[in-house]
Structure formats: structure tokens, C-alpha cells
Amino acid sequence: EVVQSQVLEAKVFHSPYGTGIAIVTGSSRFTLATNIDDLKLRRLPEVPGLQGKPSCWAVLTQDRQTKVLVSCGPELYVLDNTSCTAVYPPGLSPQAGSIVHMAVSFSYKYLALFTDTGHLWTGFSNLQERHGEVDTKQTATPKQMVWCRRPRSQQPSVVLMWDRLLLVVGAYSDTIQFPMEDQSVLVGELDGVRIIGSISQELLQEVPLVCQDIFKIASMAPGALLLEAHREYEKSSQKADEYLREIKEQNVLGDAVQQCVEAAAHEHDPETQKALMRAASFGKCFLTEFSPDQFVTTCRELRVLNAVRESSVGMPLTHTQFKQMTLQVLIDRLVYRQFYPLAIEICRYLKIPDYQGVSRVLKHWASCKVQQKDLTDEAIARAVCAKVGDSPGVSYSDIAATAYECGRTELAIKLLDFEARSGEQVPLLLKMKRSQLALSKAVESGDTDLVYTVVTYLKNEMNRGDFFMTLRNQPVALSLYRQFCKLQEPQTLKDLYNQDDDHQELGNFYVSASYREKRLEGRLAQLQSAMDEYNKAKNDFSAKATEDEMRLLRFQRKLDDEKGAGLLGLSLQATMEALMSLGLHKQSEQLYRDFRVPDKRYWWLKLKSLAEKEQWEELEKFSKSKKSPIGYLAFVEVCMKNNNRYEAKKYVSKVTPEQKVKAHLAVGDLEGAADAAIERRNDLEMGAVLSRCSASDVLLMDKLNRARASAAKK
């Protein structure tokens, strides 16, 4: 519809949801969106009898609902989401005529309507109550009509402008006229109306109450008396004391100081500001309990406001506007206008933390600097580094990103060299397609996650051959990628090893792969491949170990088929233990011989197996088969572990002299242990036996003590 019938008029407005826009189309239909950042168009109902553009209309926001007020000849309508309602302003004279202009206050609370007969109606925007009605004597439609209201004021005024006339209408139908010599534009603001001409601008506002109290003729307000007292004091006049005495008698000296400070904040003339602040400082001297915070804050704020009000800067803010917009917004406005030195001076003067103040200004300055076409990349990089240095809160990567967006890739790379955090460098380098440099920076950072990020990016962007060649130049990245492939992509790991002719790692890969095979034939095939690779790598030990594993698997499969032993996949030692537990000693001995199992390991395995199965006769025969490579103390200890003292005693006599005492103690034979210790004349062993004696072993203890004493004399 908008494309076909076009837009006749549009109005921008503010709403609780953001900045909104409303339009009226050539088909006389209204459409609006309450938030231009999240555009959702809403078509409002049709206005009865409206043909073409309405004589005037305005947007209202009430109770979080946006409405349109439309004037169609003598009729007035309110459009909302679902309905079009005819309304009539209360108290509007019948002879007022058709409404040709309307204005809504910034808060949407007040409404002003101007008719073709020159009548101005003011009241609440809900059209429930009238403030007043004035005959302006002007039948021409005003160029502009704006509300002028001071915060917390209960008396809003309306400002109307024609070609050569400015008319101010007060709440009580009072009017003031100002002749206009130049074409101007009215801009409604928080605490007044700004009149912008071709060569100058003026601010029209209601005089703040505190300024009225101090400066009106014959004022007896505390602030006025204090200001006069200070003037007389500067003249060295005794009247100063009289004014002060009068203020003190009323006990309002604190109020007087506060009034002077507040009035100074509202004044624009520096000399008037100084006079008021000096009067406040003068009165402050006579107060014992007065917080200087407001005085100091106002002084600082006035210095800032006077600086930005200079014509070279051109921001004639009022103190009320400054407090509403906050210091941060003022700094932002200076920065966007590129008044960087002034913004930095203000930040330092008001002692704003660097990350909120100076650093933020420098960041914006640097972002603008990199867009200068008349300077070389090297010159800009040096200038940025010299000015920004290591200021907290300034990211060189953000500045480099701006340079890259401007098409200055080489400058962006130079700026990234100043960035201390690799995590900030790498993403931008990848965005700039400088993958090799990004990988080098990631490796230098020592951050494995960052390296993995770059490697994953390269893998998706490059063909396989180039990707592998790139990794070969970065051993750390290659090692990390191999670790990743071991867990996620084993086939890719095999390709890497093949490309590098790394036969040792290929052998290891096939061995690992063999454990994932469920069928024996597949496992043997993988192990055969591993053995071939180990042979190529001239690793005889690994090749022989792999060959032995294949022999063991075939042996296990054969026994599983014959005996159903369930041995497949067990280690050599576990296989021998299983065979012994099943009583298959011949097969166990065959493994012992075929795989050259060390004698000590074999004897230990058989000793434990026979003892656990309580085959004591077989154990005795085994002990006599040949000299035990593990000694006979092991037999004693294993028998005792299996709770057979009788069998353990059989092997005590076979134990070597050095282990006799331990053997006797193991079976609980204290006398035998004592005799062995005395025979060897070993003090430590005799002490060990004594520690095991109880109170009832008096004779044995005496015997040992005499032996120790005798051994000590010798």
C-alpha cells in the first residue's frame, strides 16, 4: 500500500519501546511502528470522511499505548489499534472553527490546539480537562507550535511562531509577543524552547524560581540578602554586617548559600556565576556545619558547561539538560564531534576512571585516525601507538577492525602487533584471511583452545593437502591436531602419518586400531600391518612384541575352541593365571617355554595359583621340582596368607639363613626365630623377635637379652 499510494507525511516520536515513526499514506490511512530498531508496522483504522492529507495530526503515547490524534475539518478523532473515536475538546468555543494545528508536550501530558479563527485551546492530552482558551488575533496558521515547560513547573506555556512574530501563551491566558527579524526554527527542549536563526540562537525559558527570588526587585529572599552582603563586603562597607545579621536572625544562612549555588547553576553569564558562587563561599565561612559537596560539584560542572558553551564548540546546554543527559553522554557528544582534546581535559578534570573517560575518547580518536586517507599506514600506526600506549580499556584489535573495514588491511596487521592479548588478535586475522599469521599468533600465545580454533578454521577453509602442509610448518599446532584426531578422526591421523612417512607412529596407530576390532581376523590383520610398519621403522623390539601378540591371540583362539576357556584378548600373564586356575598346567608350561617367561614370574604365578586352589601336595611337588628361583620364604608367606600354618612350616627349614628369622616369625615360632637370631648374633633380628614377645614369654626374653648383652661385649 505504501509503495502504491506513497507517503504524504511522517512524524518521528518517542515511546516506551524506543524511537517510533508514524506515516499517513496517499490513501489517507495511518501506519506506525513504535520501535524502528524492531520494525513491526501497525495499520490503524480508517478515519471517516478523510480524503488526502489531514489538516493536522499528532502522535500520543498514553499508558504504554500509542495513539494518533487526527483533525478532519471541524472533527477530531483518536485512532488506536482497533477503533476510531470522535472526541471534542472540553470548553472549546463553538465559534472556534476547524483545528488547523496541534502540539503535544514532550511528556504527552498536555495538548495545544489552534483553530482557523485564531483560537488557541490548551489542556490535558486525554481531553478530559481544559487549561484555557485564548484568541491570538492571528488567523494565519502558525509555522510552528511548541510547548515550553520547566521541569517541576505547574504552569506550562505554548510558543507559537509566524513569519515575523513569536507569541508565548501562559497557563492563565497571559501572552507575550516578540518580534522576529530572521527566519527561525523552534526546538522544544527539556526546560525551554530553543530559537535557532541563520546566524544565532536563543533560549526561551521560564526563569527558574531560585533566580526569581534572588534577582527580582526589592527581594528579601535569603539568597538575595547574601548576594547583597557580599557586594557590600567587597566595597568594605559596614552594610555587609547588617545584611548578614538579618540573615542570621532569620536562621536561614544555610538556605541562602544553597540558593546562591542553585542560581549560579542556572545562569549562563560567567560573571553572574562568579558573583553568586563568591557570595555562597562568603556565606559558607559563617556556617559551622555545612557540607561543601554541592558547592564543589557545581563549580566543576559550571566550568565544564562554560567550556562547551564556547562558540568554537557550540553546545549551549543548560544545567538542567546537563544533569538529565549525564556526563557520559556529554563526553560521547564531544567525541562524535571530534573535540577530542576538550573531552580528554574534561575527563581528567572531573577524575573520571580511565576506562570510562580518557580511554574511551582515545579509542574513538584512533578509530577516526585510521580512516585518514592522506597518511601512510606506518605513520598512522606510530601515531596511534604513541597516543594510546597501554591505556586501560583500549583494544587495539577494535581499532584494527575499523582499519580493516576501511580497506586498510596492512594497517590493521600493524595495529594488531600492539595488541597484547592473542585472543583478540586471532579472530580478526582469520577474518582478514591471514590464516598463517593467525596460526603463528595462536601458537605463540600458548592457548591450546585458541590453536584449536585456528586449526578448525583452516581445516574448513583449505583443501586437505594445503592444510597438512601448513600444519607441518607449525609443530605445536600439528601435535595438538594429532591429539584431536586420536579422539575424533582416527582416519585423518593415519593420513597425516602416511604423508610424513612416520612408520613408527603408523605402527602405533595400527596397534591401537587392532583393539577396536571385534573379529580376530581383523585384529590380526591390523597387527600384521603394525609389524610391517615397525620393521620399516627398524624398531625390532616393537616388531617382535607385535609378533608375540599375534602368536598369543592364535593360541588363545585355539584353546577357546578346544576348552571354551574364554581367553581371547587377555595379556600373557593373565592367560597363564587363567590356565592355572582351570588346571591346564601343561598349556601354561607351554606358554612359559614358548614366550620365554622369566622363571621368577612363572614360579610366582604357579605358587599363588596352587595355594589359592589349596593343592598343597602339588605345591610341595612343585617346590621340589628344582631349586626355587624366588626362594622359599615366598612359599612360607603365601601359605600363611592362605591360612595354612602346617604347610608353611614345611618350607621354613629350606629358607636361607638370612631369612630364617622372618620365616619363623611368619609362622609364629618365636623360639625358632630366637634361636636363628642368636645363632646369627644379629642384634636387629633379636630386637625384632623381642618386639613380638608377650609378657608370658619371660624366659625367652631373658635368653634374648643375655645373647644381646654377650654379643655387645664381643
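**A short note on strands S5 to S7 and helix H25**

1. Welcome to this structure, which is a predicted model. A good place to begin is the pairing of strand S5 (residues 56-62) with S6: the two run antiparallel and are joined by seven bridges. To find this pairing by eye, look for Thr61, whose bridge partner in S6 is Thr66.

2. Between S5 and S6 there is a hairpin with two residues between the strands. Asp63 is the residue to look at here, with a positive phi near 55°.

3. Strand S6 (residues 65-72) is mostly covered, with seven of its eight residues buried. S6 also pairs with strand S7 (residues 75-79), in the antiparallel sense and over five bridges. Here Val68 is a handy marker, as its bridge partner in S7 is Leu79.

4. The hairpin of S6 and S7 has two residues between the strands as well. In this hairpin Gly73 takes a positive phi, near 65°.

5. Now move along the chain to helix H25 (residues 599-612). Its 14 residues reach 20 Å from the first C-alpha to the last, close to the 20 Å expected at 1.5 Å a residue. Just after H25, look for Glu614, which has a positive phi near 60°.

6. Which residues of H25 are buried? They are Tyr602, Trp603, Leu605, Lys606, Leu607, Ser609, Leu610 and Ala611. These buried residues pack against four helices that you can pick out in turn: H23 (572-581), H24 (585-594), H26 (616-625) and H27 (633-641).

Key
Residues are numbered from 1 along each chain as its sequence is written. This is a predicted model: local features need pLDDT of at least 70, side-chain atom pairs count only at pLDDT 80 or more; totals for chains, interfaces and linings use all residues. Side-chain values use heavy atoms; hydrogens and water are left out. The expected span of a helix is 1.5 Å times one less than its number of residues. Buried means under 20% relative accessible area, exposed over 50%, partly exposed in between (1.4 Å probe, protein chains only). Contact means heavy atoms within 4.5 Å. Two strands pair if DSSP finds at least two bridges between them.
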